[in-house]
Amino acid sequence: MSKAFDGVPQLFRNLEPAFVGPGPGVDGAEPALGDALPPWSGPRSWWGGPLDVEGLALGAVGAVAAVLNLLAGAPGRFRTTAALTAGAFDSSGHLQINGRKIQGFAPLSGFRRTQDGWIRLHANYPHHEQRLMQALGARTADGLAAALRTMTSLEAEAAIQSQGGVAAAVRSRNEWLESGMGRAAAAGPWIDWTFVDGETAGARHSLQLPTEDPRRPLGGVRVLDLTRVIAGPVSTRLLGALGADVLRIDPPRLPEITDQFVDTGFDKRSAEASLTTAAGRHQLDQLLETADVVITGYRRGSLDRFGLEPAVLLASRPELAVVSLDAWGGMGSWSGLRGFDSIVQAATGVAHLYGTENHDGEWRPGALPVQALDHATGYGVAAAAIALLARRRQTGLGGGARLSLVRTAEELFALPAVHSKGMASLLPEPELGTMASTYGELRYALPPLLVAGRPLGYTAPPVPYGSSAPAWI
């Protein structure tokens with residue numbers, strides 16, 4: 001294992017089953033994934049804080065670079081730098097649209113006091129805000145705060161979740177580990193693989209990747225993007241930058257937050273389709289017939305009724321690469337709940353660990369310097385998809401992979417601490433680009449990869465939301 005990624009070897013061991021699991025490796029032999037780990041340049045620590053967020057970030061991006069090097073058969077072609085990784089993990093913080101920094105959390109999102117502690121709310125989407133207010137019987141922000149003060153954190157959490165809202169009590173690390181969900185989250189690998197049984201799959205479908213542009217090795221790959229918010233769109237944004245034809249499908253009447261969509265919308269197309277109508281299902285079925293990769297990012301089980309369960313997709317097309325991500329993983333009582341990076345931080349002990357006191361001695365929970373659970377999971381999804389494509393090219397068969405924000409949080413806690421306070425002054429200068437778009441002039445962080453020593457760039461700006469035809473190029 002490369003010393004360059006000291007402290008994050010588990011992220012790479014999670015990739016090995018795709019190469020050394022059932023069947024031969026990519027080149028017909030056991031590949032040495034550890035030898036494929038790309039070096040990086042720049043400082044090792046820059047954000048500070050009690051957790052090794054930098055190690056998680058470098059490991060997740062390094063995982064993508066490692067599988068790309070194996071796919072290309074060119075060790076060292078893909079690598080990363082501290083500046084590229086730091087910039088990409090804070091892409092929303094660097095994005096400017098016509099000189100305007102983009103909006104962060106909505107007013108009702110964030111930490112709120114309860115009768116016995118704190119809770120974190122997520123109300124960025126209008127329908128989540130509506131469910132939150134209904135759950136607490138409030139009509140105004142002041143009414144919401146008053147209602148929370150009459151409830152314990154766990155009572156408020158249960159009430160909001162029961163109405164389909166999104167919230168989590170701020171737990172200490174020990175409180176989380178002692179809970180049923182905490183024990184469930186600690187089990188299993190970062191990437192949970194499922195491989196198609198070659199004995200029962202029937203015909204094998206090899207994958208031919210064009211080599212005209214070594215900087216974009218996924219040219220010709222079709223990626224069906226059924227994700228929203230950050231983690232999933234981050235993964236498909238990178239796959240698009242690597243040359244894939246990425247088509248994102250969203251449901252009508254639930255538009256994405258515009259600034260968030262722009263941040264993750266480079267090098268992909270955007271269409272709307274209702275899966276509850278015959279026309280929408282027909283469009284989806286046509287796309288699935290010739291897709292190479294399907295990535296889903298909704299809560300566990302919510303797409304099963306549309307035939308999008310990974311096992312169903314792989315039974316129909318065993319050559320597919322199907323990668324799923326969600327907030328809470330597949331086990332435990334929260335496995336079917338909605339969740340976001342900030343909510344997972346609150347539940348798992350991150351917010352408690354990063355809490356601080358003000359000058360008056362009042363304690364308040366805190367947060368990671370960036371939404372690292374989202375971004376690390378997103379790059380893990382991209383790495384898994386590329387690994388499955390490499391497996392298909394060798395064996396003619398695909399497979400599935402599952403990741404979750406909560407499992408990524410456990411990987412973060414498992415990393416040894418490498419620094420303490422006062423590291424923020426080492427934050428590397430981000431690598432930024434500019435591009436014209438229908439949204440205005442964009443200033444943005446580059447993708448977190450070097451290709452043969454040169455930064456990988458985006459080739460196309462975000463398209464207007466829902467403006468693309470639901471068909472492959």
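Two strands are taken to pair if DSSP finds at least two bridges between them. In this predicted model, strands β17 and β18 meet that condition, pairing in the antiparallel sense over four bridges, and Gly433 has Tyr444 in β18 as its bridge partner. The chain as a whole has 18 helices and 20 strands, and buried residues make up 59% of its 473 residues.

**Overall character**

- Among contacts between residues at least 6 apart in sequence, 76% join residues at least 24 apart.
- The chain exposes about 18,300 Å², and carbon and sulfur atoms supply 51% of that area.

**The four-stranded sheet**

- The strands β17 and β18 belong to an open sheet of four strands, arranged in the order β4-β3-β18-β17 with antiparallel pairing.
- Its edges are formed by β4 (100–101) and β17 (432–435), each of which pairs on one side only.
- The partner of β17, strand β18, spans residues 442–445.

**Nonpolar cores and the enclosed helix**

- In soluble globular proteins, nonpolar side chains tend to be buried together.
- The largest nonpolar core here has 106 residues, and those with the most contacts inside it are Leu239, Trp328 and Leu449.
- Helix α17 (residues 372–395) provides the largest share of this core, 14 residues.
- Beyond its neighbours within four places in sequence, Leu449 is in contact with residues including Val61, Val64, Ala65, Leu68, Phe78 and Leu84; Leu238, Leu242 and Leu456 are also among its contacts.
- Leu449 additionally contacts Arg79, Arg454 and Pro455.
- Apart from the largest core lies another, of 22 residues, among them Leu224, Ala273, Leu288 and Leu303.
- Helix α4 (residues 82–89) is largely enclosed by the rest of the structure, because eight of its eight residues are buried.
- The buried residues of α4 include Leu84 and Phe89, and Leu84 is also one of the contacts of Leu449.

**Salt bridges**

- Side chains of opposite charge can pair when their charged atoms come close.
- With a cut-off of 4 Å between a side-chain nitrogen of Lys or Arg and a carboxyl oxygen of Asp or Glu, the count comes to 16 salt bridges.
- Lys268 and Asp225 form one such bridge, with their closest N and O atoms 3.5 Å apart.
- This pair links distant parts of the chain, 43 residues apart: Lys268 lies in the loop between α12 (258–263) and β11 (269–272), and Asp225 in strand β9 (residues 222–226).
- Both partners fall under the 20% limit for burial: Lys268 counts as buried at 6% relative accessibility, and Asp225 counts as buried at 0%.
- Asp250 and Arg228 meet through their side chains in a salt bridge of 2.7 Å, N to O.
- Asp250 lies in strand β10 (residues 245–250) and Arg228 in the loop between β9 and α11 (231–241), so this bridge ties together parts that are 22 residues apart in sequence.
- Relative accessibility is 0% for Asp250, which therefore counts as buried, and 12% for Arg228, which also counts as buried.
- Asp250 forms a salt bridge with Arg248 as well, at 2.6 Å from N to O, and Arg248 counts as buried at 1% relative accessibility.
- A network of salt bridges links Arg228, Arg248, Asp250 and Glu256.

Terms used. Residues are numbered from 1 along each chain as its sequence is written. This is a predicted model: local features need pLDDT of at least 70, side-chain atom pairs count only at pLDDT 80 or more; totals for chains, interfaces and linings use all residues. Side-chain values use heavy atoms; hydrogens and water are left out. Helices (H or I, at least four residues) and strands (E, at least two) are DSSP runs, numbered from the N terminus. Buried means under 20% relative accessible area, exposed over 50%, partly exposed in between (1.4 Å probe, protein chains only). Contact means heavy atoms within 4.5 Å. Accessible areas come from the Shrake-Rupley method with a 1.4 Å probe; for residues, only the protein chains shown count as cover. A nonpolar core is a set of buried Ala, Val, Leu, Ile, Met, Phe, Trp, Tyr and Cys residues joined through side-chain atoms within 4.5 Å.
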